[in-house]
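Please open the model in a viewer and keep a selection panel at hand. The stops below are meant to be taken in order.

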Amino acid sequence: MNHTRARLRLRPAVAATVLALTLAGCGSGGSGGTAAAGAASPAPTENPVASVKKVGSVAALLPADVRKSGTLRIGSSVGGPPNAYYPQGTGGKPAGQDIDLANAVAKVLGVTLKRQDASFETILPALGSGKFDVGTGNFGVTAERLKTVDFATYINDGQGFAVKKGNTALGGKVTDLTRLCGLTIGTGAGTTFEATLEAQKKVCAKAGKKPYEVKVYSENGAILTALQQGRIDVEMSTINGLRYQAAQKAAQTTFLGEYHRLDVGFAFKKGSRLTRAFQAAVNELIKDGTYARILDKWGTKPSAIKTSRINPPEQTS
């Protein structure tokens with residue numbers, strides 16, 4: 001991603017919300033580290049992770065060297081709520097659903113996470129090079145990613161659309177990309193959204209319609225700004241991120257519903273022995289109720305999974 005940022009020329013309340021929503025990702029992306037990101041969006045005070053204990057039978061699934069060191073290096077794309085963001089700016093601690101789930105898994109496994117913020121598009125390659133042991137960034141499980149990365153799933157999110165509040169041109173849920181013909185769509189670089197839009201670009205020509213235009217941004221805050229200023233007509237991002245955004249009054253957006261669901265998982269180097277341990281840890285959290293409490297805290301219970309899976313096939317609907 002490049003790091004060009006659109007200037008904010010919105011009223012203060014909207015500008016604050018832009019900062020709070022910067023860089024959300026799911027298979028989506030965003031580079032971490034916007035200075036004031038999340039300043040307008042304090043984190044919930046519940047702490048469902050506090051009571052989580054090490055489970056010996058699950059920890060035993062870790063490779064011996066990890067059990068000995070007691071640490072794991074995690075590359076984390078910290079973007080926007082509810083997934084991962086900085087409520088107090090980058091000088092503070094990150095918060096969000098992904099942060100809580102990773103911390104809870106670490107406690108089940110009896111390890112300490114050494115977290116490093118990284119831009120979304122760099123994390124998966126860094127797993128292959130050995131820089132990180134595990135990656136998080138709301139990574140959607142796709143057939144293309146499964147060629148080089150292993151996943152242990154923890155939630156079911158996916159792709160959706162939003163428009164500026166009051167825009168009724170689309171008239172509701174987008175289930176067919178031909179409804180976007182002639183419009184300008186803003187989305188994140190290196191995401192499943194960009195890949196979907198680019199792969200389906202010919203649908204408008206086949207339907208005898210004017211093609212849609214795709215504008216790619218390095219930060220979700222810039223996408224929201226572009227939407228508010230009329231430089232794009234539609235935003236494509238994560239279901240949970242867009243739902244959260246629409247619930248923030250100052251954002252002035254309308255969520256148009258789900259387009260395509262995707263499993264989301266912790267990412268690992270192909271063949272990593274950590275995958276099975278993380279799967280077992282997530283299933284332990286589901287069994288003891290911690291998982292449900294974390295999702296309830298962040299308002300993402302509609303995306304709950306019943307069991308963690310390793311490398312499920314990409315969802316087709």
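The tour goes from a strand to a helix, then to a disulfide and some salt bridges.

This is a predicted model, in which local features need pLDDT of at least 70 and side-chain atom pairs count only at pLDDT 80 or more, while totals for chains, interfaces and linings use all residues. Residues are numbered from 1 along each chain as its sequence is written, and side-chain values use heavy atoms, with hydrogens and water left out.

**Stop 1: strand S7**

Select residues 234-238, which make up strand S7. Helices (H or I, at least four residues) and strands (E, at least two) are DSSP runs, numbered from the N terminus. Five of the five residues of S7 are buried, so the strand is largely enclosed by the rest of the structure. Buried stands for under 20% relative accessible area, exposed for over 50%, and partly exposed for values in between (1.4 Å probe, protein chains only).

Which strands pair with S7? Pairing requires that DSSP finds at least two bridges between two strands. Add residues 149-164 to the selection: this is strand S4, which runs antiparallel to S7 and is joined to it by four bridges. To find one contact between them, pick Gln159, whose bridge partner in S7 is Thr238. Then add residues 184-188, strand S5, which pairs with S7 in the parallel sense over two bridges. Here Ile185 has Val234 of S7 as its bridge partner.

**Stop 2: helix H4**

Move to residues 97-109, helix H4. The expected span of a helix is 1.5 Å times one less than its number of residues. For the 13 residues of H4 this gives 18 Å, and the end C-alpha atoms are 18 Å apart, so the two agree.

Is H4 largely enclosed or open? Eleven of its 13 residues are buried, so the helix is largely enclosed by the rest of the structure. Among the buried residues are Gln97, Asp98, Ile99 and Asp100, as well as Val108 and Leu109. After H4 comes Gly110, with a positive phi near 70°.

**Stop 3: the disulfide**

Show Cys181 and Cys204, which form a disulfide with their sulfur atoms 2.1 Å apart. The rule is a pair of cysteine sulfur atoms within 2.5 Å, and by it the count comes to one disulfide. The pair links distant parts of the chain, 23 residues apart: Cys181 is in the loop between S4 and S5, and Cys204 is in helix H7 (residues 203-206). The angle about the S-S bond is -95°, and the link is left-handed. Cys181 counts as buried at 15% relative accessibility, and Cys204 counts as buried at 0%.

**Stop 4: salt bridges**

How many salt bridges does a search of the whole structure find? The search finds nine, each a side-chain nitrogen of Lys or Arg within 4 Å of a carboxyl oxygen of Asp or Glu.

- Select Arg73 and Asp133, whose side chains meet in a salt bridge (2.8 Å, N to O). Arg73 lies in strand S1 (residues 71-76) and Asp133 in the loop between helix H5 (120-129) and strand S3 (134-136), so the pair ties together parts that are 60 residues apart in sequence.
- Next take Lys201 and Glu198, a salt bridge whose closest N and O atoms are 3.7 Å apart. Lys201 is partly exposed at 35% relative accessibility, and Glu198 is partly exposed at 38%.
- Finish at Glu258 and Arg261, whose side chains meet in a salt bridge (2.7 Å, N to O). Add Arg243 to see the network that joins Arg243, Glu258 and Arg261 through salt bridges with shared partners. Glu258 is partly exposed at 24% relative accessibility, whereas Arg261 is buried at 12%.
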